[in-house]
Each structure stands twice: as C-alpha cells, then as structure tokens.
Amino acid sequence: MDNRGFFLTWQAVSKQLAALPSELYLVRLIHAQSRRAFPGERLWSAGQLASARTIRFLRARNCEGCDVYLCPYAGDHNAGYILVDLDAAQPTVLETMRAQGHAPCVVLQTSPGHFQAWVCLRTGPLEPAVATAAGRWLASAYGGDPASTDWRHLGRLAGFTNQKPARRAFNGHAPWVRLLYARAGLAPQADSLLQSARTAAQLRPPAPRADTSLTSAITDPASFPYIAAAQASAIYRGCMQRWRITERFSQPDWSIVDLWVARYLLSQGTPATRVEIILQLASPNFPRRHAHPDDYLRRTLARAAFPAPGGALCDHWCPGAECQRFPPSES
C-alpha cells in the first residue's frame with residue numbers, strides 16, 4: 001500500500017468535502033475508455049466517503065481506469081451548489097468570478113489547463129429549474145461548458161487521476177485532479193443570481209420566427225440579451241470539443257455543426273435571438289459562402305426548433321453507438 005499516496009488522496013477528499021458541506025454525496029465511477037459506469041451509484045456521508053475503507057476502494061477503481069465523479073446530493077433537488085466546467089475558459093476567469101461576486105467555494109484542476117469550480121448559491125435545496133438556469137448563466141458569463149449546466153451534473157473528486165486518454169501526458173501518465181482552492185461559503189452575489197435564475201426559469205424560450213431578422217434582434221434590446229464575442233466563441237468551441245468534431249471529421253460541414261449547436265442551445269432554453277448571435281460570432285469563417293447570411297441563420301434556427309428524427313442529433317454523421325445522442329460531459 002502506498003501510504004503517502006493514500007494520505008494525499010484522503011487529505012484532498014477531506015478538504016473538498018469540507019468546502020462542499022452536505023448530508024450526502026452521490027458518487028459515480030465511469031471507466032474512461034469504455035465510458036461504462038461501474039455498477040451502482042453510491043450515496044455516502046462525508047464520514048463514510050472519507051473513511052480509509054472507501055478511499056482504498058476508490059483508489060483501486062481509479063487504478064483500474066475509472067474516473068471518480070461526485071456531487072452533493074439532495075434527492076430530487078439540487079443541494080445548493082452549481083458546477084462550472086471551465087475547460088475552454090480564459091486563464092483569468094477565476095479572478096473575474098471573484099471580482100464579480102461569484103467566488104467558487106471549490107476549484108479543481110482536472111488536468112493542465114482544465115478546471116472545474118463549484119459555486120455555492122444556497123445552504124439548502126434548490127429547485128432543479130432554478131439550479132439549471134443559474135448554471136447556464138454562470139457558464140455563459142465565464143466561458144464554461146454549456147453542456148455541463150444540468151442541475152445534477154457531477155464534477156470530479158480531488159485526489160484521483162484523470163483517466164481520460166486525451167488528458168494523459170506525453171509519457172502516458174494520467175494527470176492528478178488537484179484541489180487548488182477549498183473554502184466553504186456562499187458566493188457574495190448568490191441572492192442576486194438566484195433572483196435572476198428564478199425569473200429565467202419561469203420564462204419559456206421563444207420559438208424562432210421566420211419573420212424575425214438578425215438585424216432586428218440586434219437593435220431591439222428587449223429581444224436580445226447581450227453576449228460578447230469571446231463568450232460566444234467559448235460556447236461554440238465547447239460544443240465542438242465535447243462532440244470531438246475536429247477529431248471525427250477531417251473537413252466538417254459547418255452548416256451541420258451550426259444546426260447541432262443551435263438545436264442543443266434551444267433545447268437548453270437559450271433564446272433564439274441569442275443563438276443566432278452565437279452562430280454569427282462563433283461559427284468558423286462565418287458567413288463563409290452564404291450569399292444571404294440572415295436568411296441562412298433564420299433557416300438554421302427554424303430547422304433546429306424541431307427535434308431531430310428519433311431524438312438523435314448526429315446519427316447520419318456518426319453511425320457508432322456513441323453518437324446516437326450527445327454524451328454527458330464529464331471533464
């Protein structure tokens with residue numbers, strides 16, 4: 001038994017749990033190469049999860065190629081914590097979050113250049129719709145992954161290795177999930193963000209209209225929530241990375257990718273006018289060869305408003321089972 005490695009893992013786990021106080025935690029193990037979940041999901045208290053027996057069990061599964069994921073558990077509600085996946089964010093994003101009152105209580109480095117942050121918005125359960133709306137807002141504001149904003153999304157547990165093949169170092173070693181910051185406490189602007197999230201959760205996303213032009217969306221402040229070019233690029237790039245577009249296709253058809261991005265964002269409740277702007281700012285080399293860019297965007301949004309046949313979003317592009325639906329993103 002590697003006593004030093006065991007102690008370092010135990011120490012990291014204990015500190016992360018102390019900064020995410022909860023009665024119970026949901027733990028999930030997923031094999032990095034097969035993407036298959038280890039049988040069963042486990043609910044543990046902080047004491048049970050940080051026990052020597054549990055740490056040894058998790059370390060053994062981690063050595064066998066399983067990644068270790070966790071989230072505070074509150075049954076059919078969110079436990080008050082929002083995960084922000086900062087895979088494609090700017091290097092100064094954590095300082096920006098603190099400056100704007102959204103300081104994380106936990107920050108993890110999941111691999112070099114890739115981070116996850118937990119933001120505490122409430123010391124009790126949150127309605128799923130409100131937690132999801134808050135997650136979307138934080139992801140949009142700070143360049144987080146838009147596919148990781150579900151109210152019960154799991155993050156990594158510190159003190160274990162990131163077994164994803166793409167994250168391995170040049171020597172083949174899996175990077176450690178490092179705990180960079182851990183301190184329990186509400187974000188200073190938690191109440192304000194929750195108020196906005198509750199309002200957003202009550203609003204239904206407007207259906208795209210064929211007579212709504214991009215120009216009118218830009219000039220009408222009531223119909224268009226502002227988004228910076230950097231944020232739009234981060235959202236689009238995050239979708240590309242999660243779906244491995246450049247890895248799977250040597251020459252992607254960007255019109256198809258635009259459709260996938262639009263359909264996904266609409267399904268997440270993003271207003272149609274905002275989706276149009278994201279495509280305009282972030283779609284590679286837009287407007288490319290489109291003679292009428294506004295018309296192209298309107299037609300793309302109109303197609304994206306309807307579910308893909310059979311619920312699949314990319315079947316005809318990737319016949320393998322892994323692409324039947326967009327996979328859950330765990331960074």
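This is a short talk on strands, aromatic pairs, salt bridges and a few single residues in one structure.

The model is a predicted one, so please keep that in mind for everything I say.

I will start with the strands. Strand β1 covers residues 24-31, and strand β3 covers residues 66-73. The two pair in the antiparallel sense, over eight bridges. To place yourself in that pairing, find Tyr 25, which stands opposite Pro 72 in β3. β1 also pairs with strand β2, residues 42-44, again in the antiparallel sense, and here over three bridges. In that pairing Leu 26 has Leu 43 of β2 as its bridge partner. So much for the strands.

Next, helix α1, which runs over residues 3-19 and contains Phe 7. Phe 7, Leu 8 and Trp 10 make up a nonpolar patch on the surface. Together the three have about 270 Å² of accessible area. How exposed is Phe 7? Its relative accessible area is 41%, and that makes Phe 7 partly exposed. Trp 10 is partly exposed as well, at 34% relative accessibility.

That brings me to aromatic pairs. The structure has six of them. One is formed by Phe 7 and Trp 10, with 5.9 Å centre to centre and 35° between the planes, and it counts as tilted. Why do these two residues sit about one helical turn apart? Because they are three residues apart in helix α1.

A second pair to look at is Trp 137 with Tyr 142, which is edge-to-face, with 6.3 Å between the centres and 75° between the planes. Are its two members buried or exposed? Trp 137 is partly exposed, at 39% relative accessible area. Tyr 142, on the other hand, is buried, at 5%.

Now the salt bridges. A search of the whole structure finds eight, and I will go through three of them.

Take Arg 242 and Asp 145 to begin with. Their side chains meet in a salt bridge at 2.7 Å, N to O. This pair links distant parts of the chain, as Arg 242 lies in helix α8, residues 229-243, while Asp 145 lies in the loop between α5 (128-142) and β7 (155-156). The two are 97 residues apart. Both Arg 242 and Asp 145 are buried. Nor do they stand alone: Asp 85, Asp 145 and Arg 242 are linked in a network of salt bridges.

The next bridge joins the side chains of Asp 258 and Arg 288, at 2.9 Å, N to O. What does this pair tie together? Asp 258 is in helix α10 (residues 254-267) and Arg 288 is in the loop between α11 (272-282) and α12, so the bridge ties together parts that are 30 residues apart in sequence. Asp 258 is buried, with a relative accessibility of 0%. Arg 288 is partly exposed, at 25%.

The last of the three is between Asp 295 and Arg 299, whose side chains meet at 2.9 Å, N to O. This one stays inside a helix: the two residues are four apart in α12, and therefore separated by about one helical turn. Asp 295 is partly exposed, with 30% relative accessible area. Arg 299 is partly exposed too, with 47%.

While we are in helix α12, which spans residues 293-304, look at Ala 302. At 38% relative accessibility Ala 302 counts as partly exposed. Its C-alpha atom is separated by 9.4 Å from that of Ala 272, a residue 30 positions away along the chain.

Finally, the cysteines. How many disulfides does the structure hold? The count is zero. As a reminder, a disulfide is a covalent bond between the sulfur atoms of two cysteines. Two cysteines can be described by their accessibility. Cys 63 has 71% relative accessibility, and because exposed means over 50%, Cys 63 counts as exposed. Cys 239 has a relative accessible area of 2%, and because buried means under 20%, Cys 239 counts as buried.

That is the end of the tour. If you want to follow up on screen, good places to begin are the antiparallel pairing of β1 with β3, the patch of Phe 7, Leu 8 and Trp 10, and the network of Asp 85, Asp 145 and Arg 242.

Note on methods
Residues are numbered from 1 along each chain as its sequence is written. This is a predicted model: local features need pLDDT of at least 70, side-chain atom pairs count only at pLDDT 80 or more; totals for chains, interfaces and linings use all residues. Side-chain values use heavy atoms; hydrogens and water are left out. Two strands pair if DSSP finds at least two bridges between them. A disulfide is a pair of cysteine sulfur atoms within 2.5 Å. Buried means under 20% relative accessible area, exposed over 50%, partly exposed in between (1.4 Å probe, protein chains only). Patches are made of residues with over 30% relative accessible area and no salt bridge: like charges are joined within 9 Å, nonpolar side chains (Val, Leu, Ile, Met, Phe, Trp, Tyr) within 5 Å. Accessible areas come from the Shrake-Rupley method with a 1.4 Å probe; for residues, only the protein chains shown count as cover. A salt bridge is a side-chain nitrogen of Lys or Arg within 4 Å of a carboxyl oxygen of Asp or Glu. Rings of Phe, Tyr and Trp (its six-membered ring) pair if their centres lie within 6.5 Å; planes under 30 degrees apart count as stacked, over 60 as edge-to-face and the rest as tilted.
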